[in-house]
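Please open the structure in your viewer and keep the selection panel at hand. The tour moves from the whole chain to single residues.

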Amino acid sequence: MRIERITLYRIRLPLVHPFETSFGRMTDKTAILVRVDAEGLTGWGEAAVNEHPYYNEEDVVTAWHILRDYLVPAFVGRNLPDPEEAWRWMARVRGHHLAKAGLEMALWDLRAKAQGIPLARILGGVRDQVPVGVSIGIQEDVEALLDRIEAFVAQGYRRVKVKIRPGWDVEVLEAIRARFPDLPLMADANAAYRLEEADRLRALDPLNLMMIEQPLAHDDLWEHRQLQARLKTPICLDESIRTPEQGRAALEMGACRIINLKPGRVGGAWETMRLERIAREMGAPLWCGGMLETGVGRAHNVALASLPGFTLPGDLSGSDRYWHEDLVEPPFTVSPEGTLAVPQGPGIGVEVVEARVRRAAEAVWSQEAP
Ligand code: OSB
Ligand code: MG
C-alpha cells in the first residue's frame, strides 16, 4: 500500500472549561492532526501538543517542524511499513514523541481500515467498553471544585483526578474526602514538588487516595523512589516515563507502583503496546492518560485502553467534557456506568468531519508523492 499524501492540520479548539494545572492555564487546546492518504483510504492521527512547552519540551510549533521537515518526508511515496519498521524509521529523530505519535497512529488507522477491522482489534484489545475517569483542573475555590466533582460523579465517571500544587493540595483533598468519603480519588501534581516537601505529601496518606501522580521533577526517577519509600500512597508516574524501558526501570526500582501510560508521550501505539505488556507481566496497574485530545486522538486512546493491561479507569472523558463540538461523529459519550464504548467500525471507527477540522485549522500543509 503506497502512501500517496500526508496532510498536517495545525488546529486550535476552545475548551468548554479552562484547564488549570501547576504548569499553567489553558483556555484552548492546540494539536496537529495528521491525515495519511493511500489507495483510496484515509488514516487519521493526532499529535496532542500543547501551545507551550510546559508539560514536556514539545509545543505546537516544534511538532509542526519535526513532522513537516523530518517525519512526513520519510514516509510519503513509500509503502506502508509494518508497525515496528515505522517506529524504526522515526527513531532516527530523537525524542519528539507527541509529534511521532500523531503520524504513527494515523498509520495504524490506515492498517486497520485496509483490513476492514476495528483498530482495537489489530492492537489486541479485549474489551468493548473501557472504564473512564475525569481529570479536573485547579478551580477558583474549593466550593466550585466540589460542585464540579458532584456533577461528574452524577454523570457516571468512575474516578476523579484533581490537579494539585503547593497551596492547593492537602486542605482541598481533605474537603473532597469529607464530602465524598468513598469516591475513588487521586491527585496529579505535574512535577510541582521537591523531595524536601515529602512531609507535606505525607499528610495525604490518611486520605486513602488511589495514587499521587508525578509529584517530583518531570525527568526524575531516583527521587521518586526515595519519596515512595516514605509514602503509603502509591506514586504514579506520567512525565518521567517516556519509553517502555523507563517504565520497567521505574517499577523495578520502586519509583512508582502505577503508570499513567499516555500513548502520545511514549511516541504512539507500538511503544504503548510494549509498555502495556511489561506492566502486565510485572503485575503493575496501568491506566490510559490523556492530553485533552480531540475525538481523533481519543479514538486511538480508547482503542488502546481496551488492551488487557489497562486495569484502572483512564483519563478518557466524554467529548462534552472538553468541546462544544468535537471533530468526529459520533462524539464520545460516557455511559451511566462510567464507560466509553470502543468504536466497532473499521479503523478508529469514528468519522472525522473535515469541514470542522478546516474551521479549527490555523495552518494546513501537505506533501504528495511524486
Ligand atoms: O498531566 O495528565 C496530565 C492534560 C494536559 C497535559 C497534562 C495532563 C493532562 C490531563 C488531562 O490531566 C487528561 C485528559 O485528557 O482528560
Ligand atoms: Mg499527569
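**The whole chain**

Begin with the entire protein chain: of its 370 residues, 59% count as buried. Please bear in mind throughout that this is a predicted model.

Display the chain as a cartoon, and 13 helices and 15 strands may be found. Then show the C-alpha atoms alone; along the principal axes they fill a box of roughly 60 × 40 × 35 Å. How does the radius of gyration agree with that of a compact globule? A compact globule of 370 residues would have a value near 21 Å, and the protein chain has 20 Å, so the two agree.

Next, turn on the surface. The accessible surface of the protein chain comes to about 14100 Å², and carbon and sulfur atoms account for 49% of that area. Colour the charged residues as well: the mean positions of the 44 positive and 53 negative charges are 3 Å apart.

The contacts within the chain also deserve attention. Among those between residues at least 6 apart in sequence, 73% join residues at least 24 apart.

**The magnesium ion**

Select the magnesium ion (ligand 2). Which residues coordinate this ion? They are Asp188 (OD), Glu213 (OE) and Asp238 (OD), at 2.0 to 2.3 Å. Along the sequence, these donor residues follow the spacing D-x24-E-x24-D. Two of the donors, Glu213 and Asp238, link distant parts of the chain, being 25 residues apart. Glu213 belongs to strand S8 (residues 212-213), while Asp238 lies in the loop between strand S9 (235-237) and helix H9 (244-253). Both Glu213 and Asp238 are buried.

**A covered helix**

Now select helix H11, residues 295-305. Is this helix mostly covered or mostly open? It is mostly covered, with 11 of its 11 residues buried. Step through the helix to inspect its buried residues, among them Gly295, Arg298, His300, Asn301 and Leu304.

**A residue in strand S15**

Finally, select Glu362, which is placed in strand S15 (residues 361-368). Is Glu362 buried or partly exposed? Its relative accessible area is 40%, and therefore Glu362 counts as partly exposed, since that class lies between the 20% and 50% cut-offs.

Show the surroundings of Glu362 next. Leaving aside residues up to four places away in sequence, Glu362 touches Arg10, Ile11 and Arg12. To end the tour, draw a distance between the C-alpha atoms of Glu362 and Thr30: these residues are 332 apart along the chain, and the two atoms are separated by 9.7 Å.

Conventions
Residues numbered from 1 in each chain as written. Chains lettered and ligands numbered in written order. Predicted model: local features only at pLDDT ≥ 70, side-chain atom pairs only at ≥ 80, totals over all residues. Heavy atoms only, no water. Helix = DSSP H or I, 4+ residues; strand = E, 2+ residues; numbered from the N terminus. Rg over C-alpha atoms; globule rule 2.2 N^0.38 Å. Buried < 20%, exposed > 50% of the residue type's maximum accessible area, 1.4 Å probe, protein only. Contact = heavy atoms within 4.5 Å. Areas by Shrake-Rupley, 256 points an atom, 1.4 Å probe, with all protein chains shown as cover. Lys, Arg positive; Asp, Glu negative; His and termini not counted. Charge placed at Lys NZ, Arg CZ, Asp CG, Glu CD. Donors = N, O, S within 2.8 Å, 3.2 Å for Na, K, Ca; no water.
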